[in-house]
Every structure is written in structure tokens, then in C-alpha cells.
Amino acid sequence: LEAMRDFAAAFPVAAPDPGADDETNLRLYYEREVLPRLRAASAAEQTLDQLLPADPLARHYQRRFLASNPFETGAKHQLDDPGDGSEYSALHAAYHPRLRHFIERFGYYDLFLIEATTGRIVYSVFKEVDFATSLHRGPYSDTNLAKAFGAAREAGNRDFVRLVDYEAYTPSYGARASFIASPIYDGDELLGVLALQMPIDRINDVMTSNREWSNVGLGASGECYIVGQDFTLRNESRFLIEDRASYLNGLGQSGLPSSSIQAIEALGSAIGLQEVRTQGAVAAHSGQAGRAIFPDYRGIRVLSAYKPLSLPDVDWVILSEIDEAEALEPARQLRNRILLEQMVILIIVFGIAFAFARSLTRPIERLSRTAGD
């Protein structure tokens, strides 16, 4: 509450006039750091004019906290004070270490404080290109972060929480992002909205059992995964994690579009990109739970258990699968063992029967030979 109030109050109404060098530095930051990463992760061409915020206030703060930030891209959140002597920078130096520690401790990707009236992101921990922009009319006003903010702002309930599903998020260089948002009140006054960018790593740790599939009974080919309403993954594929090259090589044979394959390769993530429109996923999204054998998203037959997940705001289903060949291998081994044991028993029985028959026929043979003599 205090941070929201202080940051919103310290944000000026108008930005100071920038120097020519400042504007050049900001444009160079976008051209050298932002655009190449976005183009590597997306088949759609992004231009500088599309990405660079038109709002002078957003440009001012991005010059201070992004373009002039001495830390490299991906580590901009390490800067506490840009050293410009402003009231906002002093507040940032006071609050930022604590808020940064919060998201690191609990594993969130980012934390946002968004002013209610303007929709401006007056603070974020990670400092990407959405920082200082407006979710009302800025370049990211049609993102799922803007949807989460709008829902929390209009809820009229201080206990309201909204979770929005994963979508490609441009400020995170095209990676899929999910957000959870809740309003911040001072008494009866709505000050703004707190939003958290959901941690992909934590979800992956749960769904992969910390990558210890074999230790939880999933053998060499089993995995558990979540599929969203758009029939794409919400956590990473085991096969991407364990053998990225083989996984990528097999995607083309599965019929996945080349643009999706390129994005998976560039991002190192299949979330929101790997389509899973299998028999089990379709059945679970229609409200069914069950077990069956069918081809998975790789085209390999698996033994699958599936069911819908009862989560607010999102339509997710969960599947647990293992390759049919591996799942049925113990049964095949048992069958082969039984057959082998049966053959051994038959041989033994035949041998005993033969010996017994010979013991009966020998006296008759001797009697026949004696009578002939």
C-alpha cells in the first residue's frame, strides 16, 4: 500500500525535455537489445516505431532505468538508484531491494504496481519495456496484463483476484506469460493494482517432480503436463528438457508449423507453442476424465490418464502419460516368462512320461524276445 501510494505520487505529470543523446541512447537500446530478441522468438516482424512508446513520460523513465542502466539485459532489476537525484529514484532505492527480494524468495517472474486512473506501470521489479507505459492506451494495452489490470480495477472488491492465462508477452521478448492481479485500496479509495507475473519455473518443478520422473514411477518416457484452452502446453515437455535436439527434430514430423518450431527453438520453451490436440486433451476439455491408449503430441502411442482441472479463471486440463511400449513391457516380460516356464514344464513332463512309458514297455520287450527264442 505504501509503495503504491508513494510511487504514484512521485510520478510526474509531464516528462522533462530529453536531450538528443538521451533519445539516441533509448533508440539504440531498442534496436540492439529488444528488437533482435523479439525477432528471434517471433515470425512476425517488429519495427522500432511499433515498440518505442510514444508517451514522453514512459520514454523518460525507460531512458533512466533501461537504456542508461549499466546492468545487461535480463539483469536490469539489479539497479537500485539511477543516480539522477529525483524523488522517484530515491523511493526506488528504498523500496526496490525489498520488492526484488520478495519475488526472488517466492519465485515470481515480476511484480507490477499499476496506478488506477492512468493505468500506468509506476513500478516493476524486472524493468522490461512495459515499464512506465500505460495499460489504458500504451503499446501493451491489449495484452493479458492489461486484461488482468482492467478486471481488478473494475471489480469494486478489495478481495478480488484475477488470474489470466498464458499468452505471448512482447515485453518478455515473446515468451508466454500469465498474470494474477488484485486491487490496492487505501480505505475506500482505489489506488491501483498489484500484478504478479506467474513463475513458469515453479509450475515446471511441480509438473516434472523436479525433473525426477523415474523416481516418481514415470520411467524413461512418462510425463505429466497441463494443456490450456488453446490446446497448447502450460509446462515444458519432458522431451524438450531431456533431449532438446531430438525433440526439435521430431516436431516437423508431428505436423507442427515451422513458425512454432522456430519460436520453440529461439525461446527454449514449448509453453503456448506445442499443440496437444490429442484424444485425451479433447476429451478432458469437454469435461471427461478417463484412461486410454492413443498417439500423443509426438505421434507415439501412449497409455494416458486425463481429467479437467478445477481452477478459477482458466480452462486447463492435466494428462499423465507413458509410452505404450514401456507401460506394457512388464506385461510382455511376464507373458514371456510364463511361456518359458510352460515350455520347461512341458519338457519335464514329456521326459517323465517317456521314462515311465519306457519302464512299462521294457518287460514286454524282454518277454517278446524270450518267446521268440
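Before you click on anything, one term: a residue counts as buried when its relative accessible area is under 20%, as exposed when that area is over 50%, and as partly exposed in between. Keep in mind too that this is a predicted model.

**Stop 1: the whole chain**

Start with everything shown as a cartoon. You should be able to pick out twelve helices and nine strands. Now colour by burial if your viewer can do it: of the 373 residues, 43% count as buried. The chain also folds back on itself a lot. Take the contacts with a separation of 6 or more, and 54% of them join residues 24 or more positions apart.

**Stop 2: a stacked pair**

Select Phe7 and show its side chain. Phe7 has a relative accessibility of 0%, so it counts as buried. Next, add Tyr123, which is buried as well because its relative accessible area is 0%.

How are the rings of Phe7 and Tyr123 arranged? Their centres are 4.9 Å apart and their planes sit at 15 degrees, so this pair is stacked. Zoom out a little to see where each ring comes from. Phe7 belongs to helix H1 (residues 2-10) and Tyr123 to strand E2 (residues 121-124), so the pair ties together parts that are 116 residues apart in sequence.

**Stop 3: an edge-to-face pair**

Now select Phe65 and Phe131. Here the rings meet edge-to-face, with 5.5 Å from centre to centre and 75 degrees between the planes. This pair links distant parts of the chain too: Phe65 is in helix H4 (residues 56-67), while Phe131 is in the loop between E2 and helix H6 (144-154), 66 residues away. Are these two buried or exposed? Phe65 comes in at 1% relative accessibility, so it counts as buried, and Phe131 is buried with a relative accessible area of 0%.

Keep those four rings on screen and add Phe11, Tyr61, Tyr88 and Tyr95. Together with Phe7, Phe65, Tyr123 and Phe131, they form one aromatic cluster. If you want to go hunting for others, the whole structure has 17 aromatic pairs.

**Stop 4: the nonpolar cores**

Phe7 turns up again here. The largest nonpolar core has 56 residues, and Phe7, Tyr30, Tyr88, Leu113 and Leu145 are the ones with the most contacts inside it. Centre your view on Leu145. Which residues does Leu145 touch, once its neighbours within four places in sequence are left aside? The list is Phe112, Ile114, Ile121, Asp130, Leu135, Tyr169, Phe179 and Ala195.

There is also a second, separate core of 26 residues, and Phe231, Leu273, Ala281 and Ala292 are among them.

**Stop 5: two unusual backbone angles**

Stay on Phe231 for a moment. Phe231 is not a glycine, yet its phi is positive, at about 60 degrees. Look for Phe231 in the loop between strand E6 (223-227) and H8. With 12% relative accessibility, Phe231 counts as buried.

Now jump to Lys127, in the loop between E2 and H6. Lys127 also has a positive phi of about 60 degrees without being a glycine. You might like to check its surroundings: at 3% relative accessibility, this lysine counts as buried.

**Stop 6: neighbours on H6**

Select Arg153 and Glu154. Arg153 lies in helix H6, and so does Glu154. Arg153 is partly exposed, at 27% relative accessibility, whereas Glu154 is exposed, at 54%.

Which residues are in contact with Arg153, apart from neighbours within four places in sequence? Ala116, Thr117, His136, Leu190 and Val193 are. Try the distance tool on Leu190: its C-alpha atom is 7.9 Å from that of Arg153, although the two are 37 residues apart along the chain. Then try Glu154 and Ala116, which are 38 residues apart, with 9.6 Å between their C-alpha atoms.

**Stop 7: the largest pocket**

Finish by selecting Tyr109, Ile200, Asp201, Glu236 and Ser269. Of the 29 residues that line the largest pocket, these lie nearest its centre. The pocket holds about 720 Å³ of space.

Which elements give two or more residues to the lining? They are strand E4 (176-186), helix H7 (200-207), helix H8 (238-242) and helix H10 (258-267). H7 gives the most, with five residues. Colour the lining by class and you get 13 nonpolar, seven polar and nine charged residues.

Key: Residues numbered from 1 in each chain as written. Predicted model: local features only at pLDDT ≥ 70, side-chain atom pairs only at ≥ 80, totals over all residues. Heavy atoms only, no water. 1 Å grid on protein atoms, 1.4 Å probe; cavity = no way out; pocket = protein on both sides within 12 Å on 5 of 7 lines; lining within 4 Å. Points joined across faces, edges and corners; volume = space filled by probe spheres on them. Helix = DSSP H or I, 4+ residues; strand = E, 2+ residues; numbered from the N terminus. Nonpolar A, V, L, I, M, F, W, Y, C, P; charged D, E, K, R; others polar. Core = buried A, V, L, I, M, F, W, Y, C linked by side-chain atoms within 4.5 Å. Buried < 20%, exposed > 50% of the residue type's maximum accessible area, 1.4 Å probe, protein only. Contact = heavy atoms within 4.5 Å. Phe/Tyr/Trp six-rings, centres within 6.5 Å; stacked < 30°, edge-to-face > 60°.
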